Amino acid sequence: MKKGTLRQRVAEMKYRVNSRCTKCGECFYVCHVGAISETPEGVKIIESRCVGCEECRDVCGENAIEEIMETAREDGNE
């Protein structure tokens with residue numbers, strides 16, 4: 001493993017809603033940037049709006065919001 005700063009190793013943090021979601025709406029109400037929407041496929045987090053405050057995770061009684069960490073390769077390809 002090559003060494004580097006955390007900023008170099010971590011491209012970005014993302015979140016997703018898993019199958020435990022009951023569509024209760026609590027995450028919609030707590031998200032102050034409007035990053036959560038309901039689609040025909042289910043509840044989704046809009047990555048371009050999400051600021052990573054994790055308030056949606058804190059309020060979710062089903063633990064349906066998961067954090068995903070993606071790492072970038074040094075050559076710039078994912």
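# Briefing: cysteines, salt bridges and local backbone

Cys53 is partly exposed, its relative accessible area being 37% (buried means under 20%, exposed over 50%, and partly exposed in between, with a 1.4 Å probe and protein chains only). The model is predicted, so local features need pLDDT of at least 70 and side-chain atom pairs count only at pLDDT 80 or more, while totals for chains, interfaces and linings use all residues. Residues are numbered from 1 along each chain as its sequence is written, and side-chain values use heavy atoms, with hydrogens and water left out. The structure holds zero disulfides, whereas a search of the whole structure finds five salt bridges.

**Cysteines**

- A disulfide is a covalent bond between the sulfur atoms of two cysteines; the criterion applied here is a pair of cysteine sulfur atoms within 2.5 Å.
- Cys27 does not form such a bond because the closest cysteine sulfur, in Cys21, is 6.1 Å from the sulfur of Cys27, too far for a bond.
- Cys53 is likewise in no disulfide, with the nearest cysteine sulfur, that of Cys56, 6.2 Å away.
- Cys27 has a relative accessibility of 12% and therefore counts as buried.
- Cys31 is also buried, with a relative accessible area of 18%.
- Cys31 belongs to the loop between α2 (26–30) and β2 (helices are DSSP runs of H or I with at least four residues, strands are runs of E with at least two, and both are numbered from the N terminus).
- The C-alpha atoms of Cys31 and Glu55 are 6.8 Å apart in space, although the two residues are 24 apart in sequence.

**The β2–β3 hairpin**

- Strand β2 (residues 36–39) and strand β3 (residues 42–45) run antiparallel and are joined by four bridges (strands pair if DSSP finds at least two bridges between them).
- Two residues lie between β2 and β3, and the two strands form a hairpin.
- Within this pairing, Thr39 stands opposite Gly42 in β3.

**The Lys14–Glu47 pair**

- Lys14 is located in strand β1 (residues 10–17).
- Its relative accessibility is 16%, so Lys14 counts as buried.
- The partner, Glu47, has a relative accessibility of 46% and so counts as partly exposed.
- The side chains of Lys14 and Glu47 make a polar contact at 3.5 Å (a pair of N or O atoms within 3.5 Å; within protein, one must be able to donate a hydrogen and the other to accept it, and residues adjacent in sequence count only if both atoms are side-chain atoms).
- The side chains of Glu47 and Lys14 also meet in a salt bridge, at 3.5 Å from N to O.
- Because Glu47 lies in the loop between β3 and α3 and Lys14 in strand β1, the pair ties together parts that are 33 residues apart in sequence.
- The salt-bridge criterion is a side-chain nitrogen of Lys or Arg within 4 Å of a carboxyl oxygen of Asp or Glu.

**The Glu54–Arg57–Glu67 network**

- Glu54 and Arg57 meet through their side chains in a salt bridge of 3.6 Å, N to O.
- Arg57 counts as partly exposed, at 29% relative accessibility.
- The side chain of Arg57 meets that of Glu67 in a salt bridge, with an N to O distance of 3.1 Å.
- Glu67 lies in strand β4 (residues 65–71) and Arg57 in helix α3, so this pair ties together parts that are 10 residues apart in sequence.
- Glu54, Arg57 and Glu67 are joined into one network by salt bridges that share partners.
- For Glu67, the relative accessibility is 36%, and the residue therefore counts as partly exposed.

**Positive phi outside glycine**

- Lys23 has a positive phi near 60° and is a residue other than glycine.
- The loop between β1 and α2 contains Lys23.
- Lys23 is partly exposed, with a relative accessible area of 45%.
- Glu54, a member of the network described above, is not a glycine but has a positive phi of about 65°.
- Glu54 sits in the loop between β3 and α3 (55–59).
- Its relative accessibility is 26%, so Glu54 counts as partly exposed.
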